[in-house]
Amino acid sequence: MASSDEDFAEFLSGAPPAAALMFWRFIGLARDCGAVTFELQRSRVVLRGSKRIFASVRVSARGLAGHVNLARRIPPGGLIRKVEPLTRTLYLHAFAVSAIDDLDAAFALLLCEARDVGDGRSMAD
């Protein structure tokens with residue numbers, strides 16, 4: 001678990017500066033959505049709401065890759081690379097970010113929508 005920004009240091013060691021900057025923007029957007037728990041794993045950071053995982057992110061030489069879980073299916077295109085059913089009511093949306101400008105207001109809305117899923121809320125709520 002990451003309890004402070006310093007806990008991400010080892011995870012980001014060796015990351016290209018541009019990818020690290022994108023990572024911090026992603027983390028900031030997630031925090032802007034509300035309370036989030038960051039679980040540090042070897043190759044990714046998992047984001048958890050009060051009920052479930054709602055997103056993940058990993059850093060690569062090309063930027064960021066990860067997923068958001070949504071209660072609706074968004075067709076692949078743009079940042080969304082692949083969509084798979086996760087449960088009967090949730091969809092995993094794999095994304096790839098190659099520029100910091102990709103982490104815009106539209107992406108922030110998706111991340112906050114996923115954050116709501118992490119707290120157990122659905123589109124019907």
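Which side chain meets that of Asp119 in a salt bridge? It is the side chain of Arg115, at 2.3 Å from N to O. The legends below start with this pair and then move through other close-ups of the model, which is a predicted one.

**View 1. Asp119 and Arg115 belong to a salt-bridge network.** Let's stay with the opening pair for a moment. Asp119 is buried, and Arg115 is buried too. A further salt bridge links Arg121 with Asp116, where the closest N and O atoms are 2.9 Å apart. Arg121 is partly exposed, its relative accessible area being 39%, and Asp116 is also partly exposed, at 31%. Through shared partners, salt bridges join Arg115, Asp116, Asp119 and Arg121 into one network. As a reminder, side chains of opposite charge can pair when their charged atoms come close.

**View 2. Glu39 pairs with Arg48 in a salt bridge.** Here the closest N and O atoms lie 2.6 Å apart. Is Glu39 buried or exposed? Glu39 counts as buried because its relative accessibility is 16%, and the cut-off for buried is under 20%. Arg48, with 28% relative accessibility, counts as partly exposed. If you are keeping a tally across the whole model, the count of salt bridges comes to seven.

**View 3. Helices H2 and H3 cross at roughly 50°.** Their axes come within 9 Å of each other. That angle makes H2 oblique to H3. The contact is made on the H2 side by Phe26, Leu29, Ala30 and Cys33, and on the H3 side by Phe107, Ala108, Leu111, Cys112 and Arg115. H2 passes H3 in a right-handed crossing. Arg115 may look familiar here, as its side chain also meets that of Asp119 in a salt bridge.

**View 4. The largest nonpolar core has 32 residues.** Which residues have the most contacts inside this core? They are Phe23, Phe26, Phe38, Leu47 and Leu111. Elements that give two or more residues to the core include helix H1 (9-12), helix H2 (17-33), strand S4 (63-70) and helix H3 (105-118). H2 gives the most, with seven residues. To follow one of the core residues, pick Leu111: beyond its neighbours within four places in sequence, Leu111 is in contact with Phe26, Leu29, Ala30, Cys33, Phe54, Ala55 and Val68.

**View 5. Phe38 sits in strand S1 (residues 37-40).** Phe38 is buried, with a relative accessible area of 4%. Setting aside neighbours within four places in sequence, its contacts are Met1, Ala2, Phe8, Ile27, Ala30, Arg31, Val45, Val46 and Leu47. Two of these names, Ala30 and Leu47, appear in other views as well: Ala30 in the contact between H2 and H3, and Leu47 in the list of core residues with the most contacts. For a sense of scale, the C-alpha atoms of Phe38 and Gly28 are separated by 12 Å, the two residues being 10 apart along the chain.

**View 6. Leu70 is a buried residue of strand S4.** The relative accessible area of Leu70 is 0%. How far apart in space are Leu70 and Leu110? Their C-alpha atoms are 8.0 Å apart, while the residues are 40 apart in sequence. Leu110 is also one of the contacts of Leu70, along with Thr89, Leu90, Tyr91, His93, Glu113, Ala114 and Val117, once neighbours within four places in sequence are left aside.

Definitions and conventions. Residues are numbered from 1 along each chain as its sequence is written. This is a predicted model: local features need pLDDT of at least 70, side-chain atom pairs count only at pLDDT 80 or more; totals for chains, interfaces and linings use all residues. Side-chain values use heavy atoms; hydrogens and water are left out. A nonpolar core is a set of buried Ala, Val, Leu, Ile, Met, Phe, Trp, Tyr and Cys residues joined through side-chain atoms within 4.5 Å. Buried means under 20% relative accessible area, exposed over 50%, partly exposed in between (1.4 Å probe, protein chains only). Helices (H or I, at least four residues) and strands (E, at least two) are DSSP runs, numbered from the N terminus. Contact means heavy atoms within 4.5 Å. A salt bridge is a side-chain nitrogen of Lys or Arg within 4 Å of a carboxyl oxygen of Asp or Glu. Axes are lines fitted to C-alpha atoms, for helices over the stretch in contact, and angles run from 0 to 180 degrees between N-to-C directions. Angles under 35 degrees count as roughly parallel, over 145 as roughly antiparallel, 65 to 115 as roughly perpendicular and the rest as oblique. A crossing is left-handed if the near helix is turned anticlockwise from the far one by less than a right angle, and right-handed if clockwise.
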